[in-house]
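This briefing is meant to be read beside the coordinates, and it moves from the whole chain to the relation between copies and then to individual residues. Please keep the sequence and the 3D view open while going through the points.

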Protein chains: 2
Amino acid sequence: MGRPPGNKPTSFDIAYLAGVSQPTVSRALRGSRSVSRATRERIEAIARDLNYSVDKNASSLRSQRSNTIALLFFEDPTPDESNINPFFLAMLGAITRQCGARGLDLLISFQKMEDDWHVRYQDSHRADGLILLGYGDYTLYQRRLTELVGAGTYFVRWGSVGADTIGPTVGSDNVGAGRLAGDHLLDLGRRRIAFLGQADEHYPEFADRYAGLCDAMAAQGIAPDPALQVDALTAEDAGHAATMTLIGRGVPFDAIFAASDLIAIGAMRALAEAGLTVPGDVAIVGFDDIPAASLTTPPLTTIMQDMKGAGQLLVDTLVAQVEDQPLPPGTLPARLVVRRSTSG
Amino acid sequence: MGRPPGNKPTSFDIAYLAGVSQPTVSRALRGSRSVSRATRERIEAIARDLNYSVDKNASSLRSQRSNTIALLFFEDPTPDESNINPFFLAMLGAITRQCGARGLDLLISFQKMEDDWHVRYQDSHRADGLILLGYGDYTLYQRRLTELVGAGTYFVRWGSVGADTIGPTVGSDNVGAGRLAGDHLLDLGRRRIAFLGQADEHYPEFADRYAGLCDAMAAQGIAPDPALQVDALTAEDAGHAATMTLIGRGVPFDAIFAASDLIAIGAMRALAEAGLTVPGDVAIVGFDDIPAASLTTPPLTTIMQDMKGAGQLLVDTLVAQVEDQPLPPGTLPARLVVRRSTSG
DNA sequence: CGCCAGCAGGCATACGTATGCGCATATTAT
DNA sequence: ATAATATGCGCATACGTATGCCTGCTGGCG
């Protein structure tokens, strides 16, 4: 208190007051073993007293480590603001928390994948590495990801974890989650389970969820019926449209597993319009457990991903790369949240 | 391409290749008038060629400007992760966009207001200024804000804009928004309008909304009835509880203006349980236009805040301070979104 | 033809920290 | 007692950019 503003204390000021040299201050504050305990504590006291804090720019410049990671959201369908997938926003909380726990700063940006932002961020030493978060057509991103790998940029991606993914990837066990949903519906006696969601290589996460559903059905000796799978992207409208398509096909079904909650909500709207009851005529399971899922009527049974774990794993995986350590395994278990859309 | 990684080009490399001195490179790339056009273009070409990008740390260190702002979320009720107010998350999109447009980086953190994080961020030159975002008991924050002002920290806060606010503040015109909601309900012939939301000095934004409602009623010669105001914080449960209280009071009401969408959603649930129809028995207006608002049955009439404008204004106000320029005015108009909870 | 103005760019240096290396003093082994 | 080792700290310097000041040159004008 009292020092004229714009005249922030430096490590030299501390050194002077402590009667030591500037390097000693630096070492002391970083906890180097080569400063005696007494000296260190004296320096720490003075630093606290002066309200000193290490200049981040000087420190990063000298050490070539920014202790900062950059979070890049990308989504292809929405060039407009605000319409961010609620699931990712929830994950943001977990990521910031883990960054805080590890003493990292977090830079954030929403970008189209076209910009070369991602490269720039590491080149300019703003960040030590990147977290890439986004749904969208995976095949469109492959080239970009390959570039990143080629440039030696450290990054980690949220998505489908498989053999052919490019770069370190962290994701839920989507196959297991699909199996979870399938088992649940099968336990309830449902046999004609529809899947709403793009299930091709462009959207591997959705495809995995479908594969898990098929696994569960196969375990009961039920062959998947292609007529019960309808493509749909993440949005509510898509869920509505897909359900209309499904109904239009005239094949009977007694359950729906939707690849996202928004799809499920759209589906519920379409079912209501068609005079079908939930869960009476059709049981329905969503995916993501977005806040709105518990607010629908009936509340939506869904799959909850481990977002806290996801945030930790993303950050840890990135740091492991930067520090040249072995990467932790990349998949996280998901959990079924039963609500009245299946059990009512 | 091709340069060994870890050997990033510097301005010296460019200078060498261009046959000029390093300072000239710096000036050229920053667009200084004292570099000839020809030289500048030559330098720019080489820089592009080498995939050069200015080292952010060195630049910030030297210029004492980080061109970065820090966004601090704080909410008192949720020490747990994830449960972030969706409204703020939507605003995040607008803020990042404006930061991008102004060439600023954005640091982000969720914190309890107790930590001295906010001071640290500017002291350590991580950020030029802070954006403070959070609901919560305003009176609890006053001391912190006063400290920030005292420390000369640049910041801007989202909240109620009034005479007694501490530090530069940006917010919606909550009084006007309340009037908007009131006028709408009055136009529909409703006369007994309840308000659900804390309306004291601890939550000035809510109080302003209530004041606007009272204004609108007063303009029609209707005196506000204290029995029709029930305290409620932001959450859905609170809305449910408040509505039960309201019903329990036995005073007749034909409309509800809720201080937030989540309160409104809770209210709708309580009304349904009590056998009251929306909008037949009770018309209801929310606030925020969160994504779930259009998914309720019936869809919720609500007040939409100008989030794009808010993001711009927050960033612009902060930058104006840093650059020692006059601050733009701090209030933004809100808009009524009519859905079936009032007009059905 | 000489003088002053203005343009383009170079020189030197500062920003604040981190770290390799060397040098005392203190400690132990021989 | 002397050599070997450890401990604690200072010296010098590097990180890469931005900027105040000065210089050399060109051109216009009296």
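Of the 344 residues of chain A, 53% count as buried. The model is a predicted one, and the secondary structure of chain A comprises 13 helices and twelve strands.

**Overall dimensions and surface of chain A**

- Chain A has a radius of gyration of 25 Å, whereas a compact globule of 344 residues would have one near 20 Å.
- The C-alpha trace of chain A spans about 85 × 40 × 40 Å along its principal axes.
- Among the contacts in chain A with a separation of 6 or more, 72% are accounted for by residues 24 or more positions apart.
- About 14800 Å² of chain A is exposed, and 51% of that area is supplied by carbon and sulfur atoms.
- Chain A carries 31 positive and 40 negative charges, and the mean positions of these two sets are 11 Å apart.

**Relation between the copies**

- Chain A is superposed on chain B, with an RMSD of 0.1 Å, by a rotation of 180° with 0.0 Å of shift along its axis; that is the relation of a two-fold axis.
- The copies meet through the same surface, because 100% of the interface residues of chain A are also interface residues in chain B.

**Surroundings of A:V338**

- A:V338 is found in the loop between β12 (335-337) and α13 (340-343) of chain A, and it counts as partly exposed because its relative accessibility is 43%, with partly exposed covering the range between under 20% and over 50%.
- When residues up to four places away in sequence are not counted, A:V338 touches A:H184, A:T301 and A:S343.
- The C-alpha atom of A:V338 is separated by 7.7 Å from that of A:L300, although these two residues are 38 residues apart along the chain.

**Backbone features in chains A and B**

- In chain A, a cis peptide bond with omega of about 5° joins A:V278 and A:P279, and A:P279 is found in the loop between α11 (261-273) and β9 (283-285).
- In chain B, a cis peptide bond with omega of about 0° joins B:V278 and B:P279, and B:P279 has its place in the loop between α11 (261-273) and β9 (283-285) of that chain.
- B:D288, in the loop between β9 and β10 (302-305) of chain B, has phi near 120°, a positive value in a residue other than glycine; B:D288 counts as buried because its relative accessibility is 4%.
- B:D289 is found in the loop between β9 and β10 of chain B, and its phi is near 55°, again a positive value in a residue other than glycine.

Methods: Residues are numbered from 1 along each chain as its sequence is written. Chains are lettered from A and ligands numbered from 1 in the order in which they are written. This is a predicted model: local features need pLDDT of at least 70, side-chain atom pairs count only at pLDDT 80 or more; totals for chains, interfaces and linings use all residues. Side-chain values use heavy atoms; hydrogens and water are left out. Helices (H or I, at least four residues) and strands (E, at least two) are DSSP runs, numbered from the N terminus. The radius of gyration is taken over C-alpha atoms; the globule rule is 2.2 Å times the number of residues to the power 0.38. Buried means under 20% relative accessible area, exposed over 50%, partly exposed in between (1.4 Å probe, protein chains only). Contact means heavy atoms within 4.5 Å. Accessible areas come from the Shrake-Rupley method with a 1.4 Å probe; for residues, only the protein chains shown count as cover. Lys and Arg count as positive and Asp and Glu as negative; His and the chain ends are not counted. The place of a charge is taken as NZ of Lys, CZ of Arg, CG of Asp or CD of Glu. Copies are superposed by least squares on the C-alpha atoms of residues with pLDDT of at least 70 in both.
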